[in-house]
Every structure is written in structure tokens, then in C-alpha cells.
Amino acid sequence: MSTTTADKQPIESRLFINGEFQPATGGKTFKLINPYTHEPVVDVHEANEQDVDKAVAAAKAAFPAWRDLAPDARGVYLRKLSDLITENTPTLACLESMSMGKPVSLYIDGKMAADSFAYYAEAGWHAQGTSSVNSPGILGLSLRQPYGVVGAIIPWNVPLALLSLKVAPALAAGNTVVIKSSEKAPLTSAFLAKLVAEAGFPPGVFNLISGFGNPAGSALASHMDVRCLSFTGSTATGQKIQIAAAKSNMKVVHMELGGKSPAIIFDDADIEDAAEKTRFSIHFTSGQTCFANSRIYVQESVADKFIATFKERFGAAARMGNPLEPTTNHGPQADKVQYERVKSYLEIGEKEGKLTMGGDGGNGFIKPTVFENLPDDSRIMKEEVFGPVVTINTFKTEEEAIERANASEFGLYASVFTKDIDRAVRLSKLLEAGTVGVNCTSPTIVRDMPFGGYKQSGLGREGLLSGLDSYLETKTVLISTSS
């Protein structure tokens, strides 16, 4: 069993509570399996309800002192953490590859996390309220104040990047945090806890627990001393978290959930450009992203050209292999469970449509896969596969394309490829998605724009300019000025 990274640093897998690494209270661990080698990496400590209680208690005790620091004083710690993340990005990439098979060549989490902490090191001053003298005899003030203890539950596909989008603004706003990492990819979060300690954060400000949704995640979602919780993951889990939050203390919940993102290719589009961008979207991280354009609708008159170009590029781009090798850009699925899940959808697709490319690559890999002419009510058209699997269907009219693109309970990201600016504006308004890309698609995002979903793709928004507001409550203060 490997217990070190490629640079021989020991792998940390314990809980981080009140400034100290410690084993789980119950003594339980679980084996993390490398999805490429299928060999154990390390035994990860499994938190239970008592560990969650300890972490929340530590965060609650640390809150008053952290809250009362000036924003620039909190920013000193965030800036130091940003610098440490940058210095250690190669190690973080290695740990992610060992955890869930992400190729080191595509590792973007380190830079995204470092950028987030650097931005919020300066942004705490933006926690501003308003004032009013419109009511005679009253000076009205609104104050923006931190919630207290914030819980964060992060996924396994881009864990450090999404941790930073939650933790950095929460800390900048004056909250303290308890994070639950994913059981599929806990190692970069634990390594970040080492960097938190190295940066000198006060004990209890940042706490990390590892383990499973039940009991650790459910205990955090239902904890009476957690006042705000941010979750990124599946819609099914998000529904459970929302129920737990409502049944406990009505904590504020932000959620970025699943997607079934459509891309619409019109006959006036740059076909080569559209094929390359949509190919990269579903190929990125072996299709294991919530906003991958897993549904493509192409206008009939250019369908043959687009499909041929897309498949040529999709197949040629994939370099499957050891994700630790810099030439690899297509890793295995995150674990055996995910691999078997994607294979089950391949079986469904072969029964209901036409498999024209790809399929099971064996040994944990799914080849770049294309289905054509699947019926709109197929499960592959309706459900999130979370693999390098795309469906391509044709349409005749703009109205048909919009109707079919919107025929989903998901609404995270949608794309339209056209040279007609009027059409682009029309579709941007009519597509039911939190983000609409025009002549671009995921993973393209703009970090100073809000990101989140419509419908069952989520609640609330994340992003550099939106994040701080998510972790602040608004209080109204009325001061009588009459004698």
C-alpha cells in the first residue's frame, strides 16, 4: 500500500479538527483505491456523528475571535494559503490522480484554488450594508454579518477548486468552516488542511472531516449549530440535504447540482470550431463534470458534416493511460462504482439508440462514446451519465431546438453555436440554464460572473463577485433620531 506521493511526502488521511490532525473517534477507516492501478493508496479515517460534533464545536468556539478580526487581518491568512497552494500544486495534482484518476495534464484545481483565496484575501471589505433617512425620525442601517459556522460538502471531480469557492468567501466574510470531503477524493482536502496549519490559521477556523454521506454528511446537514451549508454534488443527494436542513434548524442552503447540458449547433455555425469545443466539453475529466455538454442537437442540413468532424476529433484527442503521465489526457472513471454506473448507461443506449463510436474500454476506462438518434424520453437523454458519453440528435427549426433543449429537469449550462447575433440573443433568453454559452461551451466560465443552475441543477450562485453575499446575513438596525 502506497503511503507517499511521487515526491515521497507522506499522505495525510486523518481528520483535521481544532487545528490538529486526529483519527476518527470510532477508529474506522476505509481504503482508498487508485482507479488506474486498482491498488490501495491509503487508509482514510471515517468520521462519525461524534466527529462532526467535535468539528462544529471547534468552529463555533473559534467564530467570535475570527469574526472580530478586520478583513485585512483575515486576509493575511488567506493570502498565505494561496501562496502555499501555488507552491504545492504538483503534489496536489499527484494526489488527485491517485484518488480519482484525473490526468495531471488537466489539473486546474490548484490554480483555481490559489486564485480564489488570493481574491478573497482582499475582498472581505465588500461586506457592506446600506443606510436610509427616508423615514422621518429614523436612521435606518442594514448590516451584513457572518452566519457563524458554515458547513461545506464537496464532490470528487474537482474537489479543491470547489472547496475554495466555498471556503474562501466564507472565511473572508468572517465565518468559520467545517468541510466534508468526498470519500472518492479526500486527499487534496487533507493536504490543504496541512497548508492551513502551515499558514498559521487560528485553531477551529478551518475543520475537515472525511467519510461518507451517511453518517458524516447527514450529521453536518442536520447539525443545529451549522447555520449555512453549501453543497456541490448530485441532485439526489442535494434533495436529501435540503430535507435535513429544513427538519433541523432551517439553515440556509446553497447547492450546485447535476446537469444534462445541451449544445445547439445551427447551420450557420463554424462547424470545425463547434466540433472542437463540444468535443472538449464532454471529454474533459473523462466526462465527469456536471456541466459537460452531454446532449448535442445539430441542424439537419449540417448534421453529416458536424457529426463526422466531431467523431474524428473526439476519437483522435483521447490519449488513455496512466493519469500520472503528462501525455495522458483521458483517465479512468473515478472508481469501480462510477465505472459500472456508466457501463449500465451504455447498455441502455445500445438498446434504445445507435452506438456509433466508443463504448467500454475495460479496466476502468470508458472510451469516447457517441450515441445517435436516441429518443427524447430515453434515460440517457434524461439522466446524468457522468462519463465521456454524448448523444447527438438532429433538429429542423429553432423552435424545435429550444423545446428539446429545455425538456429536462436540469438547467446548469447550455450552449448555442451560430453567427446570427439576433438568434444568439433570443436563445440566451429562452434556454432554461444558469449559464448560456454563445459560440463557446463548458468548461468555459468567467469567474467574476455568477455560476449556478436553474430547476433541479441548484439553488444560489457561486463566483468571485457573488460568493461573499452567500455567506452573510442581512440585519436591519433602526435608530430613532427624534428628541
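Biologist: Which residues in α1 meet which ones in α7?

Modeller: On the α1 side you have Glu-49, Val-52 and Val-56, and they meet Pro-215, Ala-216, Ala-219 and Leu-220 of α7. By class that contact has six nonpolar residues, no polar ones and one charged. Keep in mind that this is a predicted model.

Biologist: Noted. At what angle do the axes of α1 and α7 cross, and within what distance do they come?

Modeller: The crossing is at roughly 40°, and the axes come within 8 Å. That makes the two helices oblique, because angles count as roughly parallel under 35 degrees. As for the hand, α1 passes α7 in a right-handed crossing.

Biologist: Back to Pro-215 for a second. Is the peptide bond leading into it from Asn-214 cis or trans?

Modeller: That bond is cis, with omega near 20°. Pro-215 itself is found in helix α7, and it is one of the residues that α1 touches.

Biologist: Where's another cis bond I could look at?

Modeller: Try Ser-442 to Pro-443, where the peptide bond is cis and omega is near 10°. Pro-443 sits in a loop, the one between β21 (435-438) and β22 (454-455).

Biologist: And phi of Thr-285, positive or negative?

Modeller: Positive: phi is near 55°, and this is a residue other than glycine. Look for Thr-285 in the loop between α9 (271-283) and β13 (295-299).

Biologist: Switching to charges. How many salt bridges does the count come to?

Modeller: The count is 25 salt bridges. One pair to look at is Lys-60 with Asp-225, whose closest N and O atoms are 3.3 Å apart.

Biologist: Where in the chain do those two sit?

Modeller: They link distant parts of the chain, being 165 residues apart. Lys-60 is in helix α1 (residues 49-67), while Asp-225 is in the loop between α7 (213-221) and β10 (228-232).

Biologist: Now α2. How do the axes of α2 and α4 cross?

Modeller: Helix α2 (residues 71-87) and helix α4 (residues 109-123) have axes that come within 7 Å and cross at roughly 165°. The pair is therefore roughly antiparallel. The crossing of α2 past α4 is left-handed.

Biologist: Who makes the contact there?

Modeller: From α2 it's Pro-71, Gly-75, Leu-78, Arg-79, Leu-81, Ser-82, Ile-85 and Thr-86. From α4 it's Gly-110, Ala-113, Ala-114, Phe-117, Ala-118, Tyr-120, Ala-121 and Glu-122. Sorted by class, they come out as ten nonpolar, four polar and two charged.

Biologist: What about α2 and α6, at what angle do those axes cross?

Modeller: Roughly 130°, with the axes of α2 and helix α6 (residues 187-199) coming within 9 Å. So α2 and α6 are oblique to each other, and α2 passes α6 in a right-handed crossing.

Biologist: Which residues are in that contact?

Modeller: Tyr-77, Lys-80, Leu-81, Leu-84 and Ile-85 come from α2, and Leu-192, Leu-195, Val-196, Glu-198 and Ala-199 come from α6. The split is eight nonpolar, no polar and two charged. Leu-81 and Ile-85 of α2 are in this contact, and they also show up in the one with α4.

Biologist: Last thing: what does UniProt place at residues 25-477?

Modeller: The UniProt record, an unreviewed entry, has "domain: Aldehyde dehydrogenase" there. Over those residues the chain is 40% helix and 21% strand, and the end C-alpha atoms are 44 Å apart.

Note on methods:
Residues numbered from 1 in each chain as written. Predicted model: local features only at pLDDT ≥ 70, side-chain atom pairs only at ≥ 80, totals over all residues. Heavy atoms only, no water. Axes fitted to C-alpha atoms, helices over the stretch in contact; angles between N-to-C directions. Helix = DSSP H or I, 4+ residues; strand = E, 2+ residues; numbered from the N terminus. Parallel < 35°, antiparallel > 145°, perpendicular 65-115°, else oblique. Left-handed = near helix turned anticlockwise from the far one by under 90°. Contact = heavy atoms within 4.5 Å. Nonpolar A, V, L, I, M, F, W, Y, C, P; charged D, E, K, R; others polar. UniProt positions renumbered as here; feature names shortened; annotations may be inferred. Salt bridge = Lys/Arg side-chain N within 4 Å of Asp/Glu carboxyl O.
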